[in-house]
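Work through the exercises below with the sequence and the model at hand. Try each task before reading its solution.

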Amino acid sequence: VSFGYAEVAREDKTRMVGDVFERVAKRYDIMNDAMSGGLHRLWKDQFVRRVKPRAGEAILDMAGGTGDIAFRLARAGADVTVADINPAMLGVGMERARRKGLEGLLWAEENAERLSFGDRRFDAYTIAFGIRNVTDIPAALGEAHRVLRRGGRFFCLEFSTTTWPGFKQVYDSYSHHLVPRLGKAIAQDEESYRYLIESIRRFPDMPRFKAMIEEAGFVRASVEPILGGLVAIHSGWKI
Ligand code: SAM
């Protein structure tokens, strides 16, 4: 299998992403800790602080995977729907929720590009480390806009491109050499982690992604870079 996905057709990318997460689901949480040195937990905390979930509000956590964001939102009392295209990831998430004693989350198999939810259903939409895996990003942003009520908030946590000189070289070397090796050692899956790195490299930079959010109809779009933009929190409002 080759993960150089510039050449592959749309359906192939969606299927390939499906295969990747199917394979890594069981080891996904361990790998996140290994690859980020535990930092992803801090980024997720920072992200949820920015969302400021309120008790009782309806939040759609898209590409919610094994539930890391959803659990943080639910602990703040929000009414959370976790949606993901991959049943294996959702399965791991449901089991984790059970073990943590977190009840009342809704779990839904959904493609971010074509949601089955009605218009203006949610107060907020979150997507963490998910949007770069989506084949048609403008379609997913359009759907986010559609399912939000007026006054609803959109938040995206994603890897981006750091603007810190020097740091970029260190990161490139780390990601190209070490991450696939960690993937091999921990998840016995070097190719999937090569794909993940490649998808980060191809993702639009911060100004470009902010513009895409505005093109989808959101207003007051903004970006909060973390580590110079290695990771970024983008947000916008539907009016
Ligand atoms: N949000 C979780 C987190 O932060 O730990 C999971 C992130 S994981 C890197 C990316 C998730 O995106 C996977 O669970 C994958 O199945 C999901 N995904 C990929 N393409 C998708 C799509 N088109 N629609 C919905 N989910 C998708």
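**Exercise 1. State which residues the UniProt entry lists under "binding site", then place two of them, Thr66 and Asn111, in the model.**

Step 1. The unreviewed UniProt entry lists Thr66, Asp84, Asn111 and Ala112. UniProt positions are given in the numbering used here, feature names are shortened, and annotations may be inferred rather than shown by experiment.

Step 2. Residues are numbered from 1 along each chain as its sequence is written. The model is predicted: local features need pLDDT of at least 70, side-chain atom pairs count only at pLDDT 80 or more, and totals for chains, interfaces and linings use all residues.

Step 3. Thr66 is found in the loop between β1 and α4. Helices (H or I, at least four residues) and strands (E, at least two) are DSSP runs, numbered from the N terminus.

Step 4. Thr66 counts as buried because it has 25 C-beta neighbours inside 10 Å. A residue is buried if 20 or more other C-beta atoms lie within 10 Å of its own, exposed if 12 or fewer, and partly exposed in between, with C-beta atoms placed from the backbone.

Step 5. Leaving aside neighbours within four places in sequence, the contacts of Thr66 are Tyr28, Asp29, Met89, Val92, Gly93 and Arg96. Two residues are in contact if their C-beta atoms, placed from the backbone, lie within 7 Å.

Step 6. Asn111 lies in the loop between β3 (106-109) and β4. Asn111 has 19 C-beta neighbours inside 10 Å and therefore counts as partly exposed.

**Exercise 2. Describe the shell of residues around the ligand.**

Step 1. The ligand is surrounded by 19 residues, and the closest are Ala63, Gly65, Ile85, Asn86 and Ala112. The elements that give two or more residues to this shell are α1 (10-24) and α4 (68-75). A residue is near a molecule if its C-beta atom, placed from the backbone, lies within 6 Å of it.

Step 2. Sorted by class, the shell has 10 nonpolar, 6 polar and 3 charged residues. Ala, Val, Leu, Ile, Met, Phe, Trp, Tyr, Cys and Pro count as nonpolar, Asp, Glu, Lys and Arg as charged, and the others, Gly among them, as polar.

**Exercise 3. Find the buried residues of helix α6 and say what covers them.**

Step 1. In α6 (residues 137-147), the buried residues are Ala140, Leu141, Glu143, Ala144 and Val147. They lie on the same side of α6 because they cover an arc of only 160° around the axis (taken from the directions from the helix axis to the C-beta atoms).

Step 2. Their cover includes β1 (58-62), β4 (122-128), β5 (148-159) and α9 (206-215).

**Exercise 4. Compare the surroundings of Pro53 and Glu57.**

Step 1. Pro53 lies in the loop between α3 and β1, and Glu57 is in the loop between α3 (39-51) and β1.

Step 2. Pro53 counts as buried because it has 22 C-beta neighbours inside 10 Å. Glu57 has 20 and so counts as buried.

Step 3. Not counting residues up to four places away in sequence, Pro53 touches Val48, Ile59, Leu73, Ala76 and Ala78, while Glu57 touches Ala78, Asp79, Asp123 and Ala124.

**Exercise 5. Which stretch has a pLDDT below 50?**

Step 1. The mean pLDDT of the protein is 91, and 96% of its residues reach 70 or more. pLDDT is the predictor's confidence in each residue, from 0 to 100.

Step 2. The stretch is residues 1-7. Where pLDDT is low, the predicted coordinates should not be read in detail.
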